[in-house]
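Me: Hi! I am learning how structural terms are justified. Could you look at this one with me?

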Amino acid sequence: MSDHAAHAPGLAHQFDDLDQQLDATTLGMWLFLAQEIMFFGGLFAAYAIYRSHYPEAFAAASHHLDIRLGGFNTVVLIFSSLTMALGVRAAQMGKNKTVFNYLLVTFMLGNLFLVVKAFEYHHKYVEGLIPGPWFSAHGATDPAVQMFFCLYFAMTGMHALHMVVGGGLLIYFMVQARRERYHAHYFGPIEIMGLYWHFVDIVWIFLFPLLYLLGLHQ
Amino acid sequence: MNAALAPPPSAPPPAETPTHYLNANYGFRSWMFTLDHKRIALLYLASITLFFFIGGFYAVMLRLELVTPAGDLMSAENYNKSFTMHGVMMVFFFLIPSIPAVLGNFLIPLMIGARDLAFPRLNLLSWYIYMAGGMLTLYAMVAGGVDTGWTMYTPYSTTYSNSHVMVMAVGIFINGFSSILTGLNFIVTIHKMRAPGLTWFRLPLFVWAHYATSVIQVLGTPVIAITILLVALERGFGFGFFDPKLGGDPILFQHLFWFYSHPAVYIMILPSMGVVSELVTCFSRKKVFGYKFIAMSSVAIAVFGFLVWGHHMFVSGQSIYAGMIFSFLSFLVGIPSAIKVFNWTATMYKGSISYHTPMLYVFGFIGLFTIGGLTGLIVANLGLDVHLHDTYFIVAHFHYIMVGGAVMGYLGGIHFWWPKITGRLYPEGWARFSALVLFVGFNLTFFPQFLVGYLGMPRRYHAYPEEFQVFNVMSSAGASILGLGYLIPMIYLTWSWRYGKLAPPNPWGAKGLEWTTPSPPTTFNFEETPVVTEEAYAYAQEQETEESH
């Protein structure tokens, strides 16, 4: 450990300087996101295969989804991406208080999304659209309708789980911002948090049209 | 191969003993909360050795059962559980982490002149994740076992098996994240932490091999994770992803499973190839032949590896056209593999070869890997595979790669870097002897399986027709020799940790930054960040300068 390294706040011992640390942690997050893409990729592959096998059943099943709630949630998430990006900007300028505020708004928007999602899930439960032994969609004799809801719950559920993890991380970083941890040379954690949050948003940007919009005009 | 975690307990070190990573501090907590990549490597060394011997125990049970044609030692069900646990332990908890998590963890920062990996906490976390997954899988084992095979094919695993499938599957799911995090850590470290002057094409080939491996770990492993999750949703909640009754397709499971599990084979063999590249140049005292080709062939194997998964499914209902394409792509993997083998032999050509134990493992690796690779071409052949699929020919083929290749490389690497890891020399005579025992035992175990498989003996049965007995007795006899070959190094390496001769910093006269550090290295590896001014393996140059003096 060289002497100057020991003095820079926020610098881990294995790095020479903060620039190297920021480069390394950012690359690490991108690799993590690549891993996430492959993880969700398995679900998207399953979706693509079953959609091409059963186009009519999937189109019919998507009518059970509430496009207004889905659309509202899409807007909420896009707006939360904006507040997240503003939070990153504030961190780069070392304005810890602003960081805190933007992260708080992002956190609230994420929770709003999850609450709306919970209402949607509840509707599905009432309509008997939860796959498995209890599945009882009226008039749907085609088993592929159930496959649509298997995918719907797996994909949106996995996405929601990532939102919950993101919410937990936001709380952690809000505490850090309260402690005035960030300054013009040390803002990496917020930037990386931003990458994660945008990724989770982008997953939804793909899920919304695939699940809610495709086949709606039929 | 050493279970002894603690440094030699020679209480207060004598005054002249320099401080290094092993005696920097003592005690249980200093190991459980260590962020030192070298200590984490040793944690992995101890735990993968444990899992290796558990997996090995099941192999012994299988070979005992197969001595006689009748299924007399174990019931069919227990036999199924035994080969499942053998496969799961060896694949997920020994082979995949073996070289990367032990040697890679220990050596990559040393080789590139860094103080540690980029993310030391993540590194420690990955060991805890690994242990959590391993313990859960062990629990599935003692709670009654799992009988699905390590492949967990649907619909058996989702619908019909009454064993502890979910516990084991969750164990494998958790363990996968350890693999992902290790790979991520290596990629970032190799990109961002290299010493000044250490350009990409000056990197040791060991590092290149680990880079390629890490790419597979990061991009492949999440796919098995989501696959296991879908199996869990189907088994637990009746979601019908792979259930034909609900419009699902069991073949989709196989596609997703092999999309990871075929590249996983390259996670096992690529690091081993990296080890061989290091060893062959050192003990030939010659610059490696075709550096860039060996480096790029690692990357090529990683890339091709993602495009060949369908060759596991030639007879399981995949379309014939898909089968033809997968067959062709599988042949392509032979090209980078052959490039490596030819380049290693060309490196030895006119080199001054010395026959130390690590080099004996290199010879073993090259021979056995070549047999495993060439039989791979046979089973990649669409027509022949219809005959050979699910026979002992396949079992023999992949054991030549996984044991003959990956484990030989692992043991060669452990011996080569043992002086660096422990600061002690291992007993050369015993080590050579056990390398020979391993080679003989391995071939006697698995070569007869090629023959009996070609004659039609299927995998995964505890009983077989009498005409196959002679091959199976040979195989079981070989397995006992092989087992002995693993026990001997276990004993003398443990012994040498305490009683071996003290090792100089560079006992082999090898090139590479790791040999410029003391044996064992200090906690932060380098007093000052080294500056690299020459290419890797500059052995020939050294000779020339010696001659010119």
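Me: Which helix of chain A has the lowest mean pLDDT, and which the highest?
Reply: pLDDT is the predictor's confidence in each residue, from 0 to 100. Among the elements of chain A, helix H1 (residues 3-7) of chain A is lowest with a mean of 48, and helix H4 (residues 67-92) of chain A is highest with 97. Over residues 1-5 of chain A the pLDDT is below 50. This is a predicted model, where local features need pLDDT of at least 70 and side-chain atom pairs count only at pLDDT 80 or more, while totals for chains, interfaces and linings use all residues. Residues are numbered from 1 along each chain as its sequence is written, and chains are lettered from A and ligands numbered from 1 in the order in which they are written.

Me: Why are H11(B) and H14(B) called roughly parallel?
Reply: Helix H11 (residues 357-379) of chain B and helix H14 (residues 428-454) of chain B pack at about 10°, with their axes 9 Å apart. Angles under 35 degrees count as roughly parallel, over 145 as roughly antiparallel, 65 to 115 as roughly perpendicular and the rest as oblique. H11(B) and H14(B) are therefore roughly parallel to each other.

Me: What makes Gly405(B) count as buried?
Reply: A residue is buried if 20 or more other C-beta atoms lie within 10 Å of its own, exposed if 12 or fewer, and partly exposed in between, with C-beta atoms placed from the backbone. Gly405(B) has 28 C-beta neighbours inside 10 Å, so Gly405(B) counts as buried.

Me: Where is Gly405(B)?
Reply: Gly405(B) is in helix H13 (residues 392-422) of chain B.

Definitions and conventions: Helices (H or I, at least four residues) and strands (E, at least two) are DSSP runs, numbered from the N terminus. Two residues are in contact if their C-beta atoms, placed from the backbone, lie within 7 Å. Axes are lines fitted to C-alpha atoms, for helices over the stretch in contact, and angles run from 0 to 180 degrees between N-to-C directions.
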